[in-house]
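Colleague: Could you walk me through the sheet and whatever packs against it? I'd like the cut-offs as you go.

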Amino acid sequence: MKKRIRLKKKKNIKWTLIILVLLITFIISLASKQIRKSAQIYIEAKTKEIVSKELTLTIKDYLPKENIFKIEKDGNEIIGASLDNEIMNQKLVLINEKIEQKLDSMNNTIIFKMPLLASTNNIFFANKGPKIPIKYMSNGNIINNIRTEVKNYGLNNALITAYLDLNIECSIILPITIKKVEVNQTIVLGTRIIQGKIPNYYVSNNTI
């Protein structure tokens, strides 16, 4: 009888260990997926932040300093406003060139190193663990688009703003995979306050 009881106990311990191992494996698998997902979100956000900052610093000295708006009047009355296409085309060609040069210089370089536990969002572990190198790789697809906006400004005034919307496709190289990232950046090209009645505002959107 004693031998049977011992055998039964051994079988129970064996199945308990198997269930425990399977449960631990399942929990680790779920945790790994969550950490991987959080890490990808962290890396994507950090990449966008770094690339946007680098682009802003790169082109800040090449933004238009002159007046980029043409104002049309009928006597003393403003009847329309538009962008000065000659100035804008020259600036956009130069800005586009500087952006491409900057992205090429960043190509296949480590743009930051992520602590292994940074994606846990825990302030105590955010900077802990080995550093994972994150590389940038340009996909060569840059879209520039001019967007304009008119707002009421005080009494009988209008504030016209021209924006440059940048859309850049790139990839971030992780130790075991490559993830595509789209970086969108909006930069103010110029503003102008128009006194008087808000004019019929027209502008052609240029893409270079």
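Modeller: Here is the sheet, then the helix across it and the core. This is a predicted model, so local features need pLDDT of at least 70, side-chain atom pairs count only at pLDDT 80 or more, and totals for chains, interfaces and linings use all residues. Numbering starts from 1 along each chain as its sequence is written, and side-chain values use heavy atoms, with hydrogens and water left out.

The open sheet has four strands (DSSP E runs of at least two residues, numbered from the N terminus) in the order S3-S4-S5-S6, with antiparallel pairing; two strands pair if DSSP finds at least two bridges between them. At the edges sit S3 (109-115) and S6 (178-195), each pairing on one side only. The twist averages 35° from one strand to the next. Inside the sheet, S4 (131-152) and S5 (157-173) are joined by 16 bridges, and Lys 135 stands opposite Ile 173 in S5.

Helix H2 (85-106; helices are DSSP H or I runs of at least four residues) lies across S3, S4, S5 and S6, at about 165° to S4. Axes are lines fitted to C-alpha atoms, for helices over the stretch in contact, with angles from 0 to 180 degrees between N-to-C directions. Ile 99 touches (heavy atoms within 4.5 Å) Leu 55, Ile 59, Ile 142, Leu 166 and Ile 168, not counting residues up to four places away in sequence.

Ile 99 and Ile 168 also turn up in the largest nonpolar core, among the members touching the most others of its 40 residues. Such a core is a set of buried (under 20% relative accessible area, 1.4 Å probe, protein chains only) Ala, Val, Leu, Ile, Met, Phe, Trp, Tyr and Cys residues joined through side-chain atoms within 4.5 Å.

Technical notes: Buried < 20%, exposed > 50% of the residue type's maximum accessible area, 1.4 Å probe, protein only.
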